[in-house]
Amino acid sequence: MIRQIRLVDHRGRDATVLLLPVRMTETRQSQTLDGHPVRHLRRLKATADTHPDALYARYPDPDDLARALIDGDPEIDRQAVGRATGPCDRVFLDGDGHVCYAPVVTEVRYHADGTERDRRPVGRRAANLVSAQPPVWSGVLVPRREIVRRLAFSRVYQVTHQDALQFDFLYELAQYLHAREAMVQVGSGRQGRGPVYCERNGPAYRGFLDGRINGEAIRVVLYLAAGELTLPEARP
Amino acid sequence: MMTLILEVDVPTGRSALLLTPVDRIVLRRHHRVALDAQGRVCRTAWRTWDGMPVLPGALADGYEDPDGATVPRGDVVATDAQGRPLRQLPATAGRPHRLEGPVPPDDLLAHAVMKVYAVTAHHLDPALRHSLGQGDIYRVAFRPRPSTSDPPAFLLANAHGIFLLQAAPCRLDWLTREQRMPVDLFADEEEDMPAWGDWLADYAEMSVEVEA
């Protein structure tokens with residue numbers, strides 16, 4: 001699925017355009033030294049009963065554990081060990097080691113020094129790339145040289161068009177940013193500076209839009225940052 | 001927390017940088033946990049297709065040939081899409097590397113940040129410190145462990161300190177009016193790889209099946 005984003009330009013016009021992921025990925029394969037193909041697989045080493053955690057719980061005394069390991073091989077389940085796992089689902093395990101089907105997701109907040117501040121339940125947060133309300137031009141322009149030293153942009157998307165009208169919209173936006181050699185903040189809220197959520201209940205990002213023109217060509221890129229470049233002890 | 005040392009050469013001298021991974025939780029100042037009915041923190045695990053729970057650390061990676069025979073890891077080489085073996089590049093620790101730059105910010109903007117390290121200067125050349133303080137950005141090779149890929153890292157400073165950003169290259173194209181988005185071509189290329197800062201998407205991906 002291609003993502004979309006609803007953007008607004010400096011003149012207050014808005015348009016819904018496309019976001020292309022642009023991170024380059026390497027296609028790798030594996031083979032033997034003499035060129036024969038191999039496939040990767042995962043095999044089971046231990047079950048829930050033979051896992052070291054379970055053994056430590058069953059034999060709290062290290063001497064008892066050592067004796068049990070020598071005498072009975074409780075760390076090996078001969079029926080299961082070595083089998084290929086095949087497709088797996090990710091699950092949560094509760095405090096007793098059983099599958100927890102309805103965990104309560106809680107947000108833990110931290111002080112500047114990294115100690116826990118409080119916990120609060122997580123509400124449902126919808127993705128807001130395409131907002132129901134027209135987005136707001138934030139007007140926050142930051143020079144590229146400055147912004148790359150403030151934020152760590154972990155997600156990068158190329159903004160692209162599907163038709164000529166969208167291209168004209170993006171061209172003027174790119175022209176505006178290109179002339180100022182700056183990036184503009186994009187986001188939610190009444191000032192257009194709020195967090196960007198790409199997925200429902202996903203992480204919050206700060207978004208910045210970069211625009212360049214080269215003759216008749218444009219390059220508009222959305223950069224998303226999850227956090228500022230700062231050290232814990234440097235926080236106020 | 002693992003600390004790494006990166007030695008870099010600049011024309012005025014050599015610097016040794018002590019690198020400490022920046023904790024994403026502290027940077028963001030919040031994270032999410034899943035609690036069970038008694039309020040205890042849940043652990044994540046896997047469940048096989050036939051319902052067996054698999055705890056962290058209970059899996060072993062391996063390779064097998066088309067006949068199902070296990071192939072020792074030492075006999076396996078990585079290749080590119082065309083089947084050409086990829087060269088294993090050594091880790092960057094233990095020998096000095098040339099610092100390229102200053103590079104323009106556009107160079108960094110052509111990458112996505114994968115990991116952030118805080119730099120504690122073990123020994124920092126005064127000219128390099130001054131240059132970083134002026135806002136210059138440098139590029140350097142950085143591989144914490146031997147690897148077949150060679151993503152760059154960028155060294156920069158701000159008011160809070162000096163940072164090394166490990167980055168992955170991005171493909172940014174110039175688009176013209178006629179170059180409309182070929183939607184079909186990109187339909188399956190949605191970004192699924194975890195990015196730096198995406199760790200808390202974990203809980204939202206409970207139902208994603210993983211091909212082992």
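**A covered strand and a shared interface**

Strand β10 of chain A is mostly covered, with 10 of its 10 residues buried. That makes a handy starting point for a look around this structure, which is a predicted model.

On one side, β10(A) pairs with strand β2 of chain A (residues 14-21), the two running antiparallel over 4 bridges. Within that pairing, A:Pro21 sits opposite A:Tyr157 of β10(A). There is also a link to strand β14 of chain A (residues 217-228), again antiparallel, and here 8 bridges do the joining. A:Val156 faces A:Tyr223 of β14(A). As a general matter, strands of a sheet pair through backbone hydrogen bonds, parallel or antiparallel.

One residue of β14 in chain A deserves a closer look, namely A:Val221. Its relative accessibility is just 2%, and because buried means under 20%, A:Val221 counts as buried. What does A:Val221 touch, once its neighbours within four places in sequence are set aside? The contacts include a run from β10(A), made up of A:Val156, A:Tyr157, A:Gln158 and A:Val159. A:Phe208, A:Leu209 and A:Asp210 are in contact with A:Val221 too, and so is B:Leu172 from the other chain. A:Gly211 is 10 residues away from A:Val221 in sequence, and their C-alpha atoms lie 6.4 Å apart.

That touch from B:Leu172 leads on to the interface. Chain A and chain B each bring 108 residues to the contact. Together they bury about 10800 Å², and carbon and sulfur atoms account for 56% of that area. Three arginines stand out on the chain A side: A:Arg23, A:Arg90 and A:Arg149 supply 9% of the area that chain A buries against chain B, more than any other three residues.

Polar links cross the interface as well. There are 38 residue pairs in polar contact between chain A and chain B, counting pairs with both residues at pLDDT 80 or more. Strand β10 of chain A (residues 151-160) turns up again here, giving 9 residues to the side of chain A that touches chain B, the most of any contributor. By class, that side of chain A holds 52 nonpolar, 25 polar and 31 charged residues. As for salt bridges, 9 span the interface of chain A and chain B. One of them joins the side chains of A:Asp96 and B:Arg40, with 3.1 Å from N to O.

The two chains also pair strand to strand. Strand β5 of chain A (residues 88-93) lines up antiparallel with strand β4 of chain B (residues 43-48) over 6 bridges, and A:Val91 stands across from B:Ala45 in β4(B). Elsewhere, an open sheet of 3 strands draws on both chains, in the order β4(A)-β6(B)-β7(B) with antiparallel pairing. Its edges are β4 of chain A (39-44) and β7 of chain B (70-71); each has a single partner strand, so one side of each lacks a neighbour in the sheet. The partner of β4(A) is strand β6 of chain B (residues 59-64), paired antiparallel over 6 bridges. In that pairing A:His40 is found opposite B:Tyr63.

Finally, there is helix α2 of chain A (residues 62-72), whose N-terminal end is capped by A:Asp61: a side-chain oxygen of A:Asp61 lies 3.0 Å from the backbone nitrogen of A:Asp63. Following α2(A) comes A:Asp73, with a positive phi near 50°.

Notes
Residues numbered from 1 in each chain as written. Chains lettered and ligands numbered in written order. Predicted model: local features only at pLDDT ≥ 70, side-chain atom pairs only at ≥ 80, totals over all residues. Heavy atoms only, no water. Contact = heavy atoms within 4.5 Å. Buried area = accessible area lost by both parts, 1.4 Å probe. Salt bridge = Lys/Arg side-chain N within 4 Å of Asp/Glu carboxyl O. Polar contact = N/O pair within 3.5 Å; in protein donor to acceptor, adjacent residues only side chain to side chain. Nonpolar A, V, L, I, M, F, W, Y, C, P; charged D, E, K, R; others polar. Pairing = 2+ DSSP bridges. Buried < 20%, exposed > 50% of the residue type's maximum accessible area, 1.4 Å probe, protein only.
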